[in-house]
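Me: I am new to this structure and would like a close look at a single part of it, the nonpolar core. Please set that part in its surroundings as you go.

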Amino acid sequence: MKINKKEVTICTICPNCDCVNEVPVNESDYIAWQDGELTQIAFPYLSAEDREKLISGFCEDCWETLFGWEDKEPY
């Protein structure tokens, strides 16, 4: 049996640099997310960076610049 999943592209704009990001996801997962499912549950196949784009809108570069841990010791 072959299951045909429709794909949708979610576009976000980084609030820091105005970069437009596109994240392709399965339509059914998008609907679940819109209905309140947690991002990590709805989209387990996305990278942490792509999930963050959906949550906050920040692109990877701005996230690292604003919130990165490269100069700090982790807890």
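Reply: A nonpolar core is a set of buried Ala, Val, Leu, Ile, Met, Phe, Trp, Tyr and Cys residues joined through side-chain atoms within 4.5 Å. Buried here means under 20% relative accessible area. What follows describes a predicted model. The average pLDDT of the protein is 87, and 85% of the residues score at least 70.

The overall layout comes before the core. The protein has two strands and four helices, and along the sequence they follow the pattern β-β-α-α-α-α. Of the 75 residues in the protein, 28% are buried. The protein exposes about 5800 Å², and 50% of that is supplied by carbon and sulfur atoms. Among contacts with a separation of 6 or more, 27% are between residues 24 or more positions apart. Helix α2, residues 39-42, has the highest mean pLDDT among the elements, at 95, while helix α4, residues 60-67, has the lowest, at 88.

Now the core. The largest nonpolar core has eight residues: Ile 10, Val 23, Val 25, Trp 33, Ala 42, Phe 43, Leu 46 and Leu 54. In general, nonpolar side chains in soluble globular proteins tend to be buried together.

Ile 10 is a good place to start. Leaving out residues up to four places away in sequence, Ile 10 touches Asn 21, Glu 22, Val 23, Val 25, Tyr 30, Trp 33 and Leu 54. Val 23, Val 25, Trp 33 and Leu 54 from that list are also members of the core.

Leu 46 gives a second view of the core. Leu 46 sits in the loop between α2 and α3. Its relative accessibility is 9%, so Leu 46 counts as buried. With neighbours within four places in sequence set aside, Leu 46 is in contact with Val 23, Pro 24, Val 25, Arg 51 and Leu 54. Val 23, Val 25 and Leu 54 thus appear among the contacts of Leu 46 and also among those of Ile 10. Leu 46 and Val 23 are 23 residues apart in sequence, and their C-alpha atoms are 8.7 Å apart in space.

One of the residues that Ile 10 touches is Asn 21, which leads to the surroundings of the core. Asn 21 lies in strand β2, residues 20-26. Asn 21 is buried because its relative accessible area is 8%. Besides Ile 10, Asn 21 touches Cys 11, Thr 12, Cys 14, Lys 53, Gly 57 and Cys 59, again not counting residues up to four places away in sequence.

Lys 53, in that list, takes part in salt bridges. The count for the protein comes to two salt bridges. In one, Asp 50 pairs with Lys 53, and the closest N and O atoms are 3.1 Å apart. In the other, Lys 53 pairs with Glu 60, with the closest N and O atoms 3.2 Å apart. Asp 50, Lys 53 and Glu 60 are therefore linked in a network of salt bridges. In general, side chains of opposite charge can pair when their charged atoms come close. Asp 50 and Lys 53 both lie in helix α3, residues 48-55, and are three residues apart, about one turn of the helix. Lys 53 counts as buried at 8% relative accessibility. Asp 50, at 19%, also counts as buried, since the cut-off is under 20%. Glu 60 is partly exposed, with a relative accessible area of 38%.

The remaining places lie toward the outside. Asp 18 is found in the loop between β1, residues 7-13, and β2. At 58% relative accessibility, Asp 18 counts as exposed. The phi of Asp 18 is near 65 degrees, a positive value in a residue other than glycine. Lys 5, in the segment before β1, is exposed with a relative accessible area of 54%. The C-alpha atoms of Lys 5 and Ser 28 are separated by 7.8 Å, and the two residues are 23 residues apart along the chain.

Nonpolar residues also occur on the surface. Trp 63, Leu 66 and Phe 67 form a nonpolar patch there, with about 280 Å² of accessible area together. Leu 66 is found in helix α4 and is partly exposed, with a relative accessible area of 42%. Leu 46, in the core, is buried at 9%.

Note on methods
Residues are numbered from 1 along each chain as its sequence is written. This is a predicted model: local features need pLDDT of at least 70, side-chain atom pairs count only at pLDDT 80 or more; totals for chains, interfaces and linings use all residues. Side-chain values use heavy atoms; hydrogens and water are left out. Buried means under 20% relative accessible area, exposed over 50%, partly exposed in between (1.4 Å probe, protein chains only). Contact means heavy atoms within 4.5 Å. Accessible areas come from the Shrake-Rupley method with a 1.4 Å probe; for residues, only the protein chains shown count as cover. A salt bridge is a side-chain nitrogen of Lys or Arg within 4 Å of a carboxyl oxygen of Asp or Glu. pLDDT is the predictor's confidence in each residue, from 0 to 100. Patches are made of residues with over 30% relative accessible area and no salt bridge: like charges are joined within 9 Å, nonpolar side chains (Val, Leu, Ile, Met, Phe, Trp, Tyr) within 5 Å.
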